[in-house]
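Let's take a walk through this one, starting with a charged pair and ending at the sheet. Have the structure open and follow along.

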Amino acid sequence: MNNLLVFSAVLCCLCLGACDLIEYHPYDTRVSGQRHVNEANVQRIEQAMCGRTSYRFAVISDTQRAYDETADAVRAINARGDVDFVIHCGDVSDFGATREFLWQRDLLNGFAMPYVCLLGNHDCLGTGEDVFSEVFGDPDFAFTVGTTRFICLNTNAMEYDYSHPVPDFDFIGMQLEHLDPSIGRTVFVMHVRPFEFQFNNNVAQVFQLYLGQFPGMEFCIYGHEHKLAADDLFGDGVIYYGCADIAKRSYLLFTVKGADYACETVVF
């Protein structure tokens with residue numbers, strides 16, 4: 001009997017102690033730390049950039065599993081001292097696991113300037129979309145810099161099996177309908193570009209027609225393909241700039257001065 005009591009007591013201690021050792025499931029959607037990063041940083045961008053006609057912003061993308069390179073990019077962009085905000089074109093995670101989002105968020109929070117992050121196709125895996133929405137925010141959002149409207153879209157159509165419209169033309173239409181009259185230029189940002197297989201290419205031409213209705217349609221930015229690119233995809237003069245993955249240790253730097261802009265690739 002004594003041996004049974006001892007065994008029971010040891011077993012109880014092991015079970016209770018193990019509660020602190022067992023990690024939760026990688027697709028558990030419990031989020032710790034800062035939430036709704038994009039919403040907070042959009043406010044910071046719009047307040048700081050109100051009325052500005054000249055500014056500079058950096059673009060990074062596809063930081064999944066490249067934690068050291070992401071940290072180096074944050075340090076390199078901070079060290080410049082001349083970047084007003086940063087856009088991440090998506091794929092902060094590789095497997096859609098909750099901790100991937102949290103680790104990347106904490107690294108990106110090292111930026112001295114505000115940043116926003118788009119939804120990538122890898123971010124949709126598992127419960128990733130739910131975690132992305134909790135950590136960063138809505139997959140479709142927009143913000144204003146001076147007289148330029150930046151419209152950020154979820155274009156990962158294949159991840160949704162066409163169960164609902166991706167890209168969301170209702171969102172795009174609402175942006176156009178409620179566009180402030182002071183807006184004279186427009187920039188679209190996405191993870192997947194038109195004519196790539198993840199994009200819903202059944203509506204690629206319609207997408208281009210929608211974009212053509214926005215005032216001063218300037219250029220588009222995307223990630224996903226892990227390589228640099230600059231192409232006039234529709235032959236309408238609108239350049240689509242592709243950003244390489246961060247593991248290639250480079251980012252895009254856009255400099256806007258009045259009606260002109262320049263794009264360069266910076267290696268760090």
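## A pair within one helix

Start with Arg75 and Asp72, whose side chains form a salt bridge at 2.3 Å, N to O. Keep in mind that this is a predicted model. Both residues belong to helix α3, which covers residues 67–80, and they sit three residues apart, about one turn of the helix.

How exposed are the two partners? Arg75 is exposed, with a relative accessible area of 52%, while Asp72 is partly exposed at 22%. Both values fall close to a cut-off: Arg75 counts as exposed because its 52% is over 50%, and Asp72 misses the buried class because that class means under 20% and its own figure is 22%.

## Asp72 has a second partner

Which arginine besides Arg75 does Asp72 meet in a salt bridge? That would be Arg249, at 3.0 Å from N to O. This pair ties together distant parts of the chain: Arg249 is in the loop between β9 (239–242) and β10, Asp72 is in helix α3, and 177 residues separate them. As for its own surroundings, Arg249 is partly exposed, at 29% relative accessibility.

## Other salt bridges

In total, the structure holds 13 salt bridges. One of them joins the side chains of Arg105 and Asp106, again at 3.0 Å from N to O. Here the arginine is buried, with just 4% relative accessibility, whereas Asp106 is partly exposed at 46%. There is also a network, in which salt bridges with shared partners connect Arg56, Arg80 and Asp82.

In general terms, side chains of opposite charge can pair when their charged atoms come close.

## The five-stranded sheet

Now for the strands. Five of them make up an open sheet, in the order β3-β2-β1-β10-β11, and the pairing is mixed. At the edges lie β3 (115–117) and β11 (260–267), each of which pairs on one side only. On average, neighbouring strands in this sheet are turned by 20 degrees against each other, ignoring direction.

How do β1 and β10 run relative to each other, parallel or antiparallel? They are antiparallel, and six bridges join β1 (residues 54–60) to β10 (residues 250–257). For a landmark to click on, try Phe57, which stands opposite Phe254 in β10. More broadly, strands of a sheet pair through backbone hydrogen bonds, in either a parallel or an antiparallel arrangement.

Notes: Residues numbered from 1 in each chain as written. Predicted model: local features only at pLDDT ≥ 70, side-chain atom pairs only at ≥ 80, totals over all residues. Heavy atoms only, no water. Pairing = 2+ DSSP bridges. Helix = DSSP H or I, 4+ residues; strand = E, 2+ residues; numbered from the N terminus. Axes fitted to C-alpha atoms, helices over the stretch in contact; angles between N-to-C directions. Salt bridge = Lys/Arg side-chain N within 4 Å of Asp/Glu carboxyl O. Buried < 20%, exposed > 50% of the residue type's maximum accessible area, 1.4 Å probe, protein only.
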